[in-house]
Amino acid sequence: MLAYDENGIMIEFYEQEGIVKCSHCNRLYKQRTEEQIPGFREVDDDICPYCNKSNGRSGDIEFYNYPLTDVELSELIKDK
């Protein structure tokens, strides 16, 4: 997503995409985070897609969480 930062410069706001472990059910899930646009920020919860419990909150970052497919999970297990 393109947006203007606090200095008026247009930049890409995608930060990272990775694998996260839920602190409640201990399952792995995919997470993509995106910096929120200054002036339009809201508190966002890091909700596990399996147990629907919060793994933290942020007023600076939006969380996009997705369950892992069986194929992705088996590839993770092979890599270890």
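Of the 80 residues in this chain, 20% count as buried. The model is a predicted one. The exposed surface comes to about 5700 Å², and carbon and sulfur atoms supply 50% of it. The chain has seven strands and one helix, and the order from the N terminus is β-β-β-β-β-β-β-α. Among contacts between residues at least 6 apart in sequence, 35% join residues at least 24 apart.

One pair of strands can be followed in detail. Strand β5 covers residues 44-47 and strand β6 covers residues 54-58; the two pair in the antiparallel sense over three bridges. Ile-47 stands opposite Ser-54 in β6. The hairpin has six residues between the strands, and Asn-52 takes a positive phi near 60° in it.

A salt bridge also connects these two strands. The side chains of Asp-45 and Arg-57 meet at 2.9 Å, N to O. Asp-45 belongs to β5 and Arg-57 to β6, so the salt bridge ties together parts that are 12 residues apart in sequence. Asp-45 is partly exposed, at 27% relative accessible area, whereas Arg-57 is exposed, at 60%.

The count of salt bridges in the model comes to five. Another of them joins the side chains of Lys-30 and Glu-72, at 3.1 Å from N to O. This pair links distant parts of the chain, since Lys-30 lies in strand β4 (residues 28-35) and Glu-72 in helix α1 (residues 70-79), 42 residues apart. Lys-30 has a relative accessible area of 22% and is partly exposed. Glu-72 also counts as partly exposed, at 24%.

Arg-32 and Glu-34 form a further salt bridge, with 3.0 Å between N and O. Are these two residues buried or exposed? Both Arg-32 and Glu-34 are buried; the cut-off for that class is under 20% relative accessible area. Glu-35, Arg-41 and Asp-60 are linked in a network of salt bridges.

Arg-32 has a second contact to note. Its charged end sits over the ring of Tyr-64, 4.3 Å from the ring centre. Arg-32 thus appears both in a salt bridge with Glu-34 and over the ring of Tyr-64. A further arginine, Arg-27, lies over the face of Tyr-50, at 3.7 Å from the ring centre. As for rings paired with other rings, the count of aromatic pairs is zero.

Methods. Residues numbered from 1 in each chain as written. Predicted model: local features only at pLDDT ≥ 70, side-chain atom pairs only at ≥ 80, totals over all residues. Heavy atoms only, no water. Helix = DSSP H or I, 4+ residues; strand = E, 2+ residues; numbered from the N terminus. Buried < 20%, exposed > 50% of the residue type's maximum accessible area, 1.4 Å probe, protein only. Contact = heavy atoms within 4.5 Å. Areas by Shrake-Rupley, 256 points an atom, 1.4 Å probe, with all protein chains shown as cover. Phe/Tyr/Trp six-rings, centres within 6.5 Å; stacked < 30°, edge-to-face > 60°. Lys NZ or Arg CZ within 6 Å of the ring centre and 35° of its normal. Pairing = 2+ DSSP bridges. Salt bridge = Lys/Arg side-chain N within 4 Å of Asp/Glu carboxyl O.
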